[in-house]
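Student: I have a model open and would like to learn how to read its features one by one. Could you walk me through it?

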Amino acid sequence: MTLRMRGEQRGEWTVVRVAGELDLATSPGVRQRVHEAVADGRRRLVLDLSEVLFCDSSGVGVLVAARRLMRSCAGELRLILPARGAEDGSHVNRVLAALGVRRLFDCYPDLDAAVGGADAPLTA
């Protein structure tokens with residue numbers, strides 16, 4: 001399966017919707033998209049991962065690197081990880097929790113919550 005990405009602007013937020021498999025072959029595309037957003041001066045980024053069906057360690061690495069990059073430029077990264085989503089639960093949410101890095105991210109259940117000024121992200 002391939003990875004599909006679609007970008008949009010929601011106010012001051014740049015939203016990248018990611019669907020498919022986030023793995024060794026496809027994660028460089030997500031990394032590139034994040035770097036392009038920063039190069040364009042975007043400092044508020046939402047990665048919508050609700051349609052990611054599979055995520056391996058290279059995908060997690062890209063998410064951690066994106067967090068580090070956004071923090072280094074005084075930016076903000078939010079993830080959309082619905083409690084239930086891609087099939088019978090958010091695969092990315094489960095992977096991040098299993099690896100012990102879920103707490104590093106501000107996660108929201110949907111786009112409205114992520115861009116709507118909600119200050120309280122989902123808890124692990």
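Student: Let me start with the hairpin of β1 and β2: which residue takes a positive phi there?
Tutor: That residue is Gly11, with a phi near 65 degrees, in a hairpin that has 2 residues between its strands. Bear in mind that this is a predicted model. The two strands of the hairpin pair in the antiparallel sense, over 8 bridges. One of the pairs is Arg10 with Trp13, its bridge partner in β2.

Student: How many helices and strands does the chain have, and in what order do the elements run?
Tutor: There are 4 helices and 5 strands. Starting at the N terminus, you read β-β-α-β-α-β-α-β-α.

Student: What is the order of the strands in the sheet?
Tutor: The order is β1-β2-β3-β4-β5, in an open sheet with mixed pairing. Strands β1 (3-10) and β5 (106-108) are at the edges with a single partner strand each, so each has one side without a neighbour in the sheet. On average, neighbouring strands are turned by 25 degrees against each other, with direction ignored.

Student: When I look along a strand, how should I think about its side chains?
Tutor: As a general idea, side chains in a regular strand alternate between the two faces of the sheet. Here, you can follow the pairing of β2 (residues 13-22) with β3 (residues 44-55): the two run parallel and are joined by 8 bridges. Along this pairing, Arg17 has Asp48 as its bridge partner in β3, and Ala19 stands opposite Glu51.

Student: Is β2 enclosed or open to the outside?
Tutor: Strand β2 is largely enclosed by the rest of the structure, because 8 of its 10 residues are buried. For the chain as a whole, buried residues make up 45% of the 124 residues.

Student: Which helix does the chain pass through on the way from β2 to β3, and what is the hand of that crossover?
Tutor: The path goes through α1, and the β-α-β crossover is right-handed. Helix α1 (residues 27-39) lies across β1, β2 and β3, and it runs at about 20 degrees to β1.

Student: What sits in the loop between β2 and α1, for instance Ala25: is that residue buried or exposed?
Tutor: Ala25 is found in that loop. Its relative accessibility is 69%, so Ala25 counts as exposed. Try a distance check too: the C-alpha atoms of Ala25 and Leu3 are 9.2 Å apart, with these positions 22 residues apart along the chain.

Student: Let me move across the sheet. How many bridges join β3 to β4?
Tutor: There are 5, and the two strands run parallel. Among the pairs, Leu45 has Leu77 as its bridge partner in β4. To get from β3 to β4, the chain crosses through helix α2 (residues 57-72), and this β-α-β crossover is right-handed. Strand β4 is mostly covered, with 4 of its 5 residues buried.

Student: And what joins β4 to β5?
Tutor: Those strands run parallel, joined by 3 bridges. Ile80 has Tyr108 as its bridge partner in β5.

Student: Which residues of α3 are buried, and what do they pack against?
Tutor: They are His91, Val92, Asn93, Val95 and Leu96. These buried residues pack against β3, α2 and β4. Just after α3, Gly100 takes a positive phi of about 80 degrees.

Student: How many disulfides does the structure hold?
Tutor: In general, a disulfide is a covalent bond between the sulfur atoms of two cysteines. This structure holds 0 disulfides. You can still look at the cysteines themselves: Cys55 is buried, with a relative accessible area of 4%, and Cys107 counts as buried at 0% relative accessibility.

Student: To finish, what can I read from the contacts and the exposed area of the chain?
Tutor: Taking the contacts with a separation of 6 or more, 68% are between residues 24 or more positions apart. The chain exposes about 6400 Å², and carbon and sulfur atoms supply 49% of that area.

Terms used:
Residues are numbered from 1 along each chain as its sequence is written. This is a predicted model: local features need pLDDT of at least 70, side-chain atom pairs count only at pLDDT 80 or more; totals for chains, interfaces and linings use all residues. Side-chain values use heavy atoms; hydrogens and water are left out. Buried means under 20% relative accessible area, exposed over 50%, partly exposed in between (1.4 Å probe, protein chains only). Contact means heavy atoms within 4.5 Å. Accessible areas come from the Shrake-Rupley method with a 1.4 Å probe; for residues, only the protein chains shown count as cover. Two strands pair if DSSP finds at least two bridges between them. Axes are lines fitted to C-alpha atoms, for helices over the stretch in contact, and angles run from 0 to 180 degrees between N-to-C directions. A crossover is right-handed if, with the strands pointing away from the viewer, the path from the first strand over the helix to the second runs clockwise. A disulfide is a pair of cysteine sulfur atoms within 2.5 Å.
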